[in-house]
Amino acid sequence: KLRQSIESFHWGAIRDGLTLTISIGAASLEETEHDAVRLLDLADRRLYAAKRAGRNQVVTGLPRRRQRR
């Protein structure tokens, strides 16, 4: 929902014609055995996977959670 909200928000009040999109890589503590360093590394790898997949996407460890516009 965050990705969709940012994409659909009217940013014209800031600058005419401005549009924004985001890519998100999400990870959970349970996936990394509550290790903060591993958590950040996993989220970072997923962020770059979202960007490689075409940007404006969410990549998680859950099946079929990659979202496109």
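This report describes the fold, the helix α2, the loop before it and the salt bridges of a predicted model.

**Overall architecture**

The protein chain contains two helices and two strands, and these elements follow one another along the sequence in the pattern α-β-α-β. Of its 69 residues, 25% count as buried. The accessible surface of the protein chain comes to about 5400 Å², and carbon and sulfur atoms account for 52% of that surface. When contacts between residues at least 6 apart in sequence are considered, 36% of them join residues at least 24 apart.

**Helix α2**

Helix α2 covers residues 36-52. At 1.5 Å a residue, its 17 residues should span 24 Å, and this expectation agrees with the end C-alpha atoms, which are 24 Å apart. The buried residues of α2 are Leu39, Leu42, Ala43, Arg46, Ala49 and Ala50. Because these residues cover an arc of only 115° around the axis, they lie on the same side of α2. This arrangement can be read against the general geometry of such elements: an α-helix has 3.6 residues a turn, so residues three or four places apart point the same way. The cover over the buried residues of α2 includes β1 and β2, the latter being residues 58-59. On the other side of α2, by contrast, Val37, Leu40 and Arg52 are exposed.

Both ends of α2 have a local feature that deserves mention. At the N-terminal end, Asp35 acts as a cap, with a side-chain oxygen that lies 2.9 Å from the backbone nitrogen of Val37. Just after α2, Gly54 takes a positive phi of about 125°.

**The loop between β1 and α2**

The loop that leads from β1 (24-25) to α2 includes Thr32, and this residue is buried, with a relative accessible area of 2%. Leaving aside residues up to four places away in sequence, Thr32 touches Arg38, Leu39 and Leu42; of these, Leu39 and Leu42 are among the buried residues of α2, whereas Arg38, at 41% relative accessibility, counts as partly exposed.

Two further residues of this loop stand out by their backbone geometry. Most residues other than glycine have a negative phi. Glu33, which lies in the loop between β1 and α2, nevertheless has a positive phi of about 55° although it is not a glycine. His34, found in the loop between β1 and α2 as well, has a positive phi of about 60° and is likewise not a glycine. Glu33 counts as exposed at 64% relative accessibility, and His34 is also exposed, with a relative accessible area of 56%.

**Salt bridges**

A search of the whole structure finds four salt bridges, and the table sets out three of them, including the distance from N to O.

| Basic residue | Acidic residue | Distance, N to O |
|---|---|---|
| Arg3 | Glu7 | 3.3 Å |
| Arg46 | Glu31 | 2.8 Å |
| Arg38 | Glu33 | 3.7 Å |

The side chains of Arg3 and Glu7 meet in a salt bridge at 3.3 Å. Glu7 and Arg3 are both in helix α1 (residues 2-8), and because they are four residues apart there, about one helical turn separates them. The partners are unlike in their exposure: Arg3 is buried, with a relative accessible area of 2%, while Glu7 counts as partly exposed at 27%.

In a second pair, the side chains of Arg46 and Glu31 meet at 2.8 Å. This pair links distant parts of the chain, since Arg46 is in helix α2 and Glu31 is in the loop between β1 and α2, 15 residues apart. Arg46, at 13% relative accessibility, counts as buried, and Glu31, at 36%, counts as partly exposed.

In the third pair of the table, the side chains of Arg38 and Glu33 meet at 3.7 Å. Here Arg38 is partly exposed at 41% relative accessibility and Glu33 is exposed at 64%. Glu33 thus joins a salt bridge with Arg38 and a positive phi of about 55° in one residue of the loop between β1 and α2.

Definitions and conventions
Residues are numbered from 1 along each chain as its sequence is written. This is a predicted model: local features need pLDDT of at least 70, side-chain atom pairs count only at pLDDT 80 or more; totals for chains, interfaces and linings use all residues. Side-chain values use heavy atoms; hydrogens and water are left out. Buried means under 20% relative accessible area, exposed over 50%, partly exposed in between (1.4 Å probe, protein chains only). Contact means heavy atoms within 4.5 Å. Accessible areas come from the Shrake-Rupley method with a 1.4 Å probe; for residues, only the protein chains shown count as cover. The expected span of a helix is 1.5 Å times one less than its number of residues. The arc is that of the directions from the helix axis to the C-beta atoms. A polar contact is a pair of N or O atoms within 3.5 Å; within protein, one must be able to donate a hydrogen and the other to accept it, and residues adjacent in sequence count only if both atoms are side-chain atoms.
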